[in-house]
Amino acid sequence: VVAPTDAAEGYSFDGDSWRKVFADSQLQRLIECGLAHNTDLNVARLRISEAEATLKSARLANLPSLAFSPSAGISSFGGERASKTYSLPLQASWQIDLFGKLKNAKMQQKMLVESSKAYRQAVQVNLVASIAREYYNCALLHAQLSLARQSVDVWNETVRTMKAFMEEGQYTDAAVSQAEASREQVKVTAVDLEQQIRESENAMKKLLGDSANTVVMAFDADSSGGGRSLLQSASESMGADIAEGQGIALSRLSVRPDVRQAEMNLAAAAYAVKEAKAAFYPSLTLTGTAGWTNSAGVIVNPAKMLFEAIASLTQPIFQNGRLKADLKIKQSQQEEARLQFQQALLNAGVEVNDALTQVQTYNGKSALLDNQVKLLERTVKSTRLLQQNGSSNYLEVLTAQENLLSAKMTVLQNCYMKVASLIALYQALP
């Protein structure tokens, strides 16, 4: 574990690193909107303000405290003339930090401020990744919808042709009805995709904190190739070299905000233990009073200045077991923080390895799936020619078309999964 003070001063987080990863201009505008209006991120910023206010209070604990407490009274004894007294004192109290109790409390709060900053950074990284993932998911759905609509057009032409051949006795009514049923199934798929697009857009608005519904995402609605090209360009700009297996240095795990947060929590727990140990030692407090009064044991008139200084030393002897219990609790919390830091490092390594494996897997599948689509396109073309020559029937053509549609959908899905794995890699190593 890095020394707490070194960790607090030597760490740097590039809050704009996402611009180098996500080059799409429309996506960048969406991310900027999310960073400005997302509720979770704004809450994280408020937590930093709260922690900084507490740190400021801990720093001022080393300074004397001042209080102005004026008082006045009137008294009469035995029916005599009432006497009036008043006092205008200014009191000061200063706790001397002999054994580092105040210093450790201040350092603990400093580490908690760093922890809250790391939490905000973790929220930001997760937000950027979620926006990018939803953006490309919406692009995928638009591309699939375009593909489904093209398939509907093909089926409309197929049904029209089959009806024409049925009048000549080449097809039966059952065959035409089967083709129409297949066309309706493709239409259902298009309707489902439209619903998923609306849900994706609503999810994006939620991420961006867009209560006024001003967010608009524009995609190429006329071609599935437009959506696929967007996904392909994203995968190339986000890390084609990683997909080729060049790897990543594990030392970069230290830049993860969640690892940073766990490290700062561990440092804060260590200072809390030191503070609890210091509570067993004596505390020295200096108290002074200066003011103007007309009462100093006897009635004094006119009033005169009053000065008083007191030093008190307090040594805890028996506190009903509270000091020992507090120390034990702080030590247990320190061990808990150590285990959480250890687990954060382990989780970070696993997430990086999983993301790298996924990138390489989906990249390897891309060439195979592209080749499959090319072969199925040849199959569809060949079966149509055979059907025109009377060497093939409609079932073979329908099967070839369905297989081609399914393969194109799979290509789009694989392309999106590759982009999603690259986003996960950015999230693992921001």
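**Notebook: strands, helix 5 and cysteines**

I began with the strands: strand 2 (residues 71-75) and strand 3 pair antiparallel over five bridges. The model is predicted, and I kept that in mind throughout.

Next I looked for a residue pair in that pairing. I found that Ser71 has Ser87 in strand 3 as its bridge partner.

Then I checked what else strand 3 (residues 83-96) pairs with. Strand 1 (residues 65-68) joins strand 3 through four bridges, and these two strands run antiparallel. Here I noted Ala67, whose bridge partner in strand 3 is Gln91. So much for the strands I looked up.

**Helix 5**

I turned to helix 5, which covers residues 101-167. Does its length fit or miss the expected span? I took 1.5 Å a residue for its 67 residues, which gives an expected span of 99 Å. The end C-alpha atoms of helix 5 are 98 Å apart, so the two values agree.

I also looked just past the end of the helix. Gly169, just after helix 5, takes a positive phi of about 85°.

Within helix 5 I picked out Ser146. Is Ser146 buried or exposed? Ser146 has 5% relative accessibility, and the cut-off for buried is under 20%, so Ser146 counts as buried. I then took a distance from Ser146 to Ala190, which is 44 residues away along the chain. Their C-alpha atoms are separated by 8.5 Å.

**Cysteines**

How many disulfides does the model hold? I applied the rule of sulfur atoms within 2.5 Å, and the count came to zero.

I looked up the accessibility of two cysteines as well. Cys138 has a relative accessible area of 0%, so I logged Cys138 as buried. Cys33 stands at 23% relative accessibility. That value is not under 20% and not over 50%, so Cys33 counts as partly exposed.

**Whole chain**

I closed with the totals. The chain comes to 10 helices and five strands. It has 430 residues, and buried residues make up 38% of them.

For the surface, I noted that the chain exposes about 24100 Å². Carbon and sulfur atoms supply 53% of that area.

Last, I checked how far apart in sequence the contacting residues lie. I took contacts between residues at least 6 apart in sequence, and 82% of these join residues at least 24 apart.

Methods. Residues numbered from 1 in each chain as written. Predicted model: local features only at pLDDT ≥ 70, side-chain atom pairs only at ≥ 80, totals over all residues. Heavy atoms only, no water. Buried < 20%, exposed > 50% of the residue type's maximum accessible area, 1.4 Å probe, protein only. Pairing = 2+ DSSP bridges. Contact = heavy atoms within 4.5 Å. Areas by Shrake-Rupley, 256 points an atom, 1.4 Å probe, with all protein chains shown as cover. Expected span 1.5 Å × (residues − 1).
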